[in-house]
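Take a first walk through this structure. We start with the whole chain, move to one sheet, and end at a single side chain.

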Amino acid sequence: MKTYPVYLKGEPIITETTLPVTNPATGEVFARMCTVDRAAIARAIQDAHAAFAQWRQLPGKGRGELLHSIANELHRRREEVARLITLENGKPLTQSQGEVAMSVDHLRWFAEEARRAYGRIIPCQVEEKRHLVIKTPIGVVAAISPWNFPLVLAVRKVAPALAAGCPVILKPASHTPLCTAVFADCVDTVRLPKGVFQLVAGSAAEIGKEFLENPLCRKITFTGSTEVGKKLIEGAAKNVKPLSLELGGHAPVLIFEDADLNAAVDATVMAKFRNSGQSCIAANRIYVQRSIYEPFLKAFVEKVRYLKVGDGLDPQVQIGALIDEDALAKAAEHVEDAVRGGARLLCGGNRLERAGCFFEPTVLADVPKGALCMHEETFAPVAPVSAFDTEAEAIERANSSSFGLSAYAFTHDLGRMFRLAESVEAGMLGINDGVPTTSQAPFGGVKQSGWGRELGVEGLDAFLETKHISIGI
Ligand code: NAP
């Protein structure tokens, strides 16, 4: 069984301690990942800090060229990495391939943005002064990433931090560290100054504590649950440590009677069932205008019923395994709770009776407002649908959540598009679009979905400080 190394101070290191990595489609442990203790994290932060001066001095163009070389290497190894993502996460291989392609695109976007950390010159109020604003890299960055998009969400942090001139220490999720180990291997081929990029794994609580308490670590960028995000906010308060937080979501989908019904069905299937529903921007609550409610349900169930479930390595499979038994239990609990509350189960609803963590693609209709799945992330292939009458009611129901990451709407009324754009409480709104994420546009949430933005020009800015220089002349 292969053991994957951590990367410390520019070297792959095989440590004495490891954690098992399980294939959720079979339940088998198929590899091990090396782990480190808190003392090693303290050394990694020290080494990153030591590398900072050299790294920030390199012009953005030079850092960008190195990022392009990392992108080239990741692209060259794309099939190996995609297969590994499917093995450790369970998602269908085509989706893993898409994840690697998007990671390459993120690297290229930030390779180009590295040249564009613009400051500005501000007209001054008196003749004998000049005011400048410059951007400087924030310093050592700790990046903590989740298991659901194990490569792309790590790259979304590492690429802009490196582009900005910051050294980075990446801690991937314990379920899915292997693709980041291969990514670290790709980074290794370009021979960055030692300590500029490091990969660690191990106890999340211990690693998190060192990131929070070590004064040389200047920023934590985190993607994961709102629960852990709140713990980081508490820990960060002590030293006023800057945080970027990409947390949970509970995306509403609003389907209006003037929408192209077939297109809305296809896009909703994509927004709900991609990655087996384990996406922070997954459609969680589907609201359909009453006049098209039954036709929508009929067409939607026809599509969902035939989604093929199984091992993600099978090229026909569209719904892979869920990450673990807890995820299966949560899906079952949400379905039972909705049905108890009066929802109609139109298809699915059960785990598959076979090895691995498989849940049937499920559609629930007439789901009551108070059902668990209308408030908590289900993170499974379970689609709750409910009817609305007016645009005002649709907006009110869309906003009736403590989360505000992504939202979707289907309509061809231009005025309504603008009204929704301005009133739906979400960081991202896909209008007639079930897949809004792209390298060049900001990604992030409002309310309890987090702080800050990744990607776009905002993605680089998250790792830059803004400094005012006032010069007397
Ligand atoms: P999670 O349990 O919060 O874990 C995320 C990461 O945080 C993992 O690397 C985990 O390490 C680490 N972690 C756990 N406890 C920690 C602590 N006390 N201190 C520091 N780090 C800690 O979330 P998840 O289950 O992996 O991911 C699913 C959640 O992420 C969902 O809520 C989803 O909506 C959200 N998400 C948000 C976005 C977004 O962009 N807004 C994107 C994707 C996912 P271990 O794995 O070692 O425990």
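Count the contacts in the chain between residues at least 6 apart in sequence: 73% of them join residues at least 24 apart. Keep in mind that this is a predicted model.

What does the secondary structure of the chain come to? There are 14 helices and 23 strands. The radius of gyration is 23 Å, close to the 23 Å that the globule rule gives for 473 residues, so the chain is as compact as a globular protein of that length. Along the principal axes, the C-alpha atoms fill a box of roughly 70 × 65 × 40 Å.

Now look at burial and surface. Of the 473 residues in the chain, 56% are buried. The accessible surface comes to about 19,200 Å². Carbon and sulfur atoms account for 53% of that surface.

Next, find an open sheet of three strands. Its order is 1-5-4, and the pairing is mixed. Which strands stand at the edges? They are strand 1 (2–4) and strand 4 (18–23). Each has a single partner strand, so one side of each is left without a neighbour in the sheet. From one strand to the next, the twist averages 35 degrees.

Follow strand 4 to its partner. Strand 4 pairs with strand 5 (residues 28–34) in the antiparallel sense, over six bridges. Along this pairing, V21 stands opposite A31 in strand 5.

Two helices pack on the sheet. One is helix 3 (residues 78–89), which touches strand 1, strand 4 and strand 5. The direction of helix 3 makes about 90 degrees with that of strand 4. The other is helix 6 (residues 178–188), and it too touches strand 1, strand 4 and strand 5. Its direction makes about 45 degrees with that of strand 5.

Leave the sheet and go to helix 5 (residues 152–164), where K157 lies. Is K157 buried or exposed? Its relative accessible area is 1%, and buried means under 20%, so K157 is buried.

Which side chains make polar contacts with the side chain of K157? One is the side chain of T223, at 2.8 Å. Another is the side chain of E454, at 2.6 Å. Now set aside the neighbours of K157 within four places in sequence. K157 is then in contact with A143, I144, T221, F222, T223, E454 and F463. T223 and E454, the polar partners, are thus on this list too.

Conventions:
Residues are numbered from 1 along each chain as its sequence is written. This is a predicted model: local features need pLDDT of at least 70, side-chain atom pairs count only at pLDDT 80 or more; totals for chains, interfaces and linings use all residues. Side-chain values use heavy atoms; hydrogens and water are left out. Helices (H or I, at least four residues) and strands (E, at least two) are DSSP runs, numbered from the N terminus. Buried means under 20% relative accessible area, exposed over 50%, partly exposed in between (1.4 Å probe, protein chains only). A polar contact is a pair of N or O atoms within 3.5 Å; within protein, one must be able to donate a hydrogen and the other to accept it, and residues adjacent in sequence count only if both atoms are side-chain atoms. Contact means heavy atoms within 4.5 Å. Two strands pair if DSSP finds at least two bridges between them. Axes are lines fitted to C-alpha atoms, for helices over the stretch in contact, and angles run from 0 to 180 degrees between N-to-C directions. The radius of gyration is taken over C-alpha atoms; the globule rule is 2.2 Å times the number of residues to the power 0.38. Accessible areas come from the Shrake-Rupley method with a 1.4 Å probe; for residues, only the protein chains shown count as cover.
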